[in-house]
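I'm opening a fresh page for a structure that is new to me. These are my notes on what I looked up, in the order I got to it.

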Amino acid sequence: MATFLTEESRTFNEYLLIPRLTTRECTPDKISLKTPLVRHKVGEEADIYLNTPFMSACMQSVSGEEMGVALAREGGIAIIYMSQSIEDQARMVRNVKETKSGFVTSKWNLKPGDTLADILRIKEETDHSTIPVTEDGSPKGKFLGIITSKDYRLSRDSLDKKVEDIMTPAEKIVSAKPGLTISEANDIIWEHKINCLPIIDENGNLNSLVFRKDYEQHKENPLSLLDEEKRYRVGAGVNTRDYEQRIPALVEAGADVLCLDSSDGYSIWQKEVIEWVHSKYDGKVKIGAGNVVSKEAFDYLADAGADFIKIGIGGGSICITRETKGIGRGQATACIEVAKARDEYAKKTGIYIPICSDGGIVHDHHITLALAMGCDFVMMGRYFARFDESPTQKVKINNEFFKEYWGEGSKRARSWQRYDLGSKNEKMSFVEGVDSYIPYAGSLKDNLGVAIKKIKSTMSNCGSASIEEFHEKAILTPVSNLSIQEGAAHDLTVRDV
């Protein structure tokens, strides 16, 4: 006979937080949203943290390279979608990594014998207007000079004019030696009123470049999520089919973390991929797994070696898995059970595995509820798809602007690789997602800034100065339908103001 669970499957809307004592230590300006991204020993630091608890969904209509840069600037991380060619996905990852910042290794360089035509070709391909010149054209070659758009005039210079006749030579360029901090490099940039500072080693070889614009961006975005080389962090989605070809390309491109993308992650195929990754890369490449909605599924992927685990089946706004297949669970109930399993696993093994709520988030306060229920961060699709930085078009319908938004299981996406069927030849014959429009909301930075203020304000009300403390102190209560109605404006006529 089948097993029947007696507890109702609840959503975020069915819970409220009970306020606790707010102290001087937990005012909004003192609250930290830093949270671990990958597994680590209890009491020790994780290899990767998020500065804000946000991850964008691995979807064609959400996570392209522009989203990767924008979200990293706000302290979160995007998972570049995998329902495209390996080459295109790797290129997106590489472009995010090369956008930023600090000490940049120049991947586009010129030789003295190159021509103005070569300069224009690089500018067209990369949108870079500052190009170093090295003796052999390599990123670490003997530094000879720099080309900028100020060094030539297309109306007067011929396309076959040599780089050596155009460049600003090394002896006229302000430079610095390796070993200085990014702050010291920026002081030199400001003191000499230059846009680019080459870092040259004792042998006269180019080491790296520091740009003024990166300093300005960092000042504007102090929570930026950066790797050891001061580049933006970015993730990439993978599947259980072509992973042996896709993963090496993504790792080579610089992906900081991988994420298995599936509507149901409780499968032998995800276990095999996780074990393959850890074996091939000796644990140095991090990979998340999911999705799950139960303790048994969490334990299975945790034992397999997953670095983080996503929670949620059928709760996304464009997902119809529950309607189509009759599987899933209310997102709040799933988060509560998996968080309890995570804590039990940490107590038993000494290993803490971050968990992520994926789906079911409609309002900003749902993010806070997910964190209170034990999640370390949230993955969102519809939320980020509304913004300028999502890859989809903005369309005007009845004098209002919308963004296109579709699920990875929809006809439009045709991303059947994300559904684990056991056979590489078997194809899905029905959809699990819809194609839709959502109201356009403007820029990511403006909207996410408001959400962060709301989260911190609620955590302050609950006496918590960190997400870890929030996990311990949060008190949640289920609410009735009448309580939900009471919480909204009621028994009045609302004025337009």
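**Entry 1: helix α8**

Which residues are buried in helix α8 (residues 295-304)? I looked them up and found Ala297, Phe298, Asp299, Leu301, Ala302 and Ala304. I should jot down right away that this is a predicted model.

Next I wanted the neighbours. What do the buried residues of α8 pack against? My list has α7 (268-281), β14, β15 (309-311), α10 (331-349) and β17 (355-358). After α8 comes Gly305, and I noted its positive phi, near 110 degrees.

β14 is on that list, so I took a look at this strand, which spans residues 287-292. Asn291 lies in it, and the peptide bond leading from Gly290 to Asn291 is cis. I wrote down an omega near 15 degrees for that bond.

**Entry 2: the whole protein**

I stepped back for some totals. How many helices and strands does the protein have? I get 15 helices and 22 strands. The protein has 497 residues, and 52% of them are buried.

I also checked contacts between residues at least 6 apart in sequence: 66% of these join residues at least 24 apart. For the accessible surface I have about 24100 Å², with 48% of it belonging to carbon and sulfur atoms.

**Entry 3: helix α1**

Back to single helices. α1 covers residues 65-73, and its buried residues are Met67, Gly68, Val69, Ala70, Leu71 and Ala72. Where do they pack? I found two strands and three helices to write down: β5 (54-56) and β6 (77-80), then α2 (86-99), α12 (382-385) and α13 (444-461). Just after α1 I came across Gly75, with a positive phi of about 95 degrees.

Both α2 and α13 turn up among those partners, and I followed each of them further.

**Entry 4: α2 with α6**

At what angle do α2 and helix α6 (residues 243-253) pack? I have about 20 degrees, with the axes 8 Å apart. Angles under 35 degrees count as roughly parallel, and therefore I call α2 and α6 roughly parallel to each other. The crossing is right-handed.

For the contact, I listed Ile86, Gln89, Ala90, Val93, Arg94 and Lys97 on the α2 side. On the α6 side they meet Gln245, Arg246, Ala249, Leu250, Glu252 and Ala253. Sorted by class, I count six nonpolar, two polar and four charged residues in this contact.

**Entry 5: α11 with α13**

How do the axes of helix α11 (residues 364-372) and α13 cross? They come within 9 Å of each other and cross at roughly 45 degrees. That angle makes α11 oblique to α13. I noted a right-handed crossing here.

From α11, the residues in this contact are Asp364, Ile367, Thr368 and Leu371. They meet Ala451, Lys454, Ile455 and Thr458 in α13. By class I have four nonpolar, two polar and two charged residues for this pair of helices.

**Entry 6: two loop residues with positive phi**

I also looked for positive phi in residues other than glycine. Lys193 has a phi near 55 degrees. I found Lys193 in the loop between α4 (182-192) and β10 (196-200). Is Lys193 buried or exposed? It counts as exposed, because its relative accessibility is 72% and the cut-off for exposed is over 50%. I checked one distance too: the C-alpha atoms of Lys193 and Arg212 are separated by 9.2 Å, and these residues are 19 apart along the chain.

Asn399 went on the page as well, with a phi near 65 degrees. Its loop runs between β19 (394-397) and β20 (400-406). Asn399 is exposed, with a relative accessible area of 68%.

**Entry 7: before β1**

My last stop was Glu7. Where does Glu7 lie? I found it in the segment before β1 (15-17). Glu7 counts as exposed, at 52% relative accessibility. I then looked up its distance to Thr333, which is 326 residues away along the chain. The C-alpha atoms of Glu7 and Thr333 are separated by 8.9 Å.

Key: Residues numbered from 1 in each chain as written. Predicted model: local features only at pLDDT ≥ 70, side-chain atom pairs only at ≥ 80, totals over all residues. Heavy atoms only, no water. Buried < 20%, exposed > 50% of the residue type's maximum accessible area, 1.4 Å probe, protein only. Helix = DSSP H or I, 4+ residues; strand = E, 2+ residues; numbered from the N terminus. Contact = heavy atoms within 4.5 Å. Areas by Shrake-Rupley, 256 points an atom, 1.4 Å probe, with all protein chains shown as cover. Axes fitted to C-alpha atoms, helices over the stretch in contact; angles between N-to-C directions. Parallel < 35°, antiparallel > 145°, perpendicular 65-115°, else oblique. Left-handed = near helix turned anticlockwise from the far one by under 90°. Nonpolar A, V, L, I, M, F, W, Y, C, P; charged D, E, K, R; others polar.
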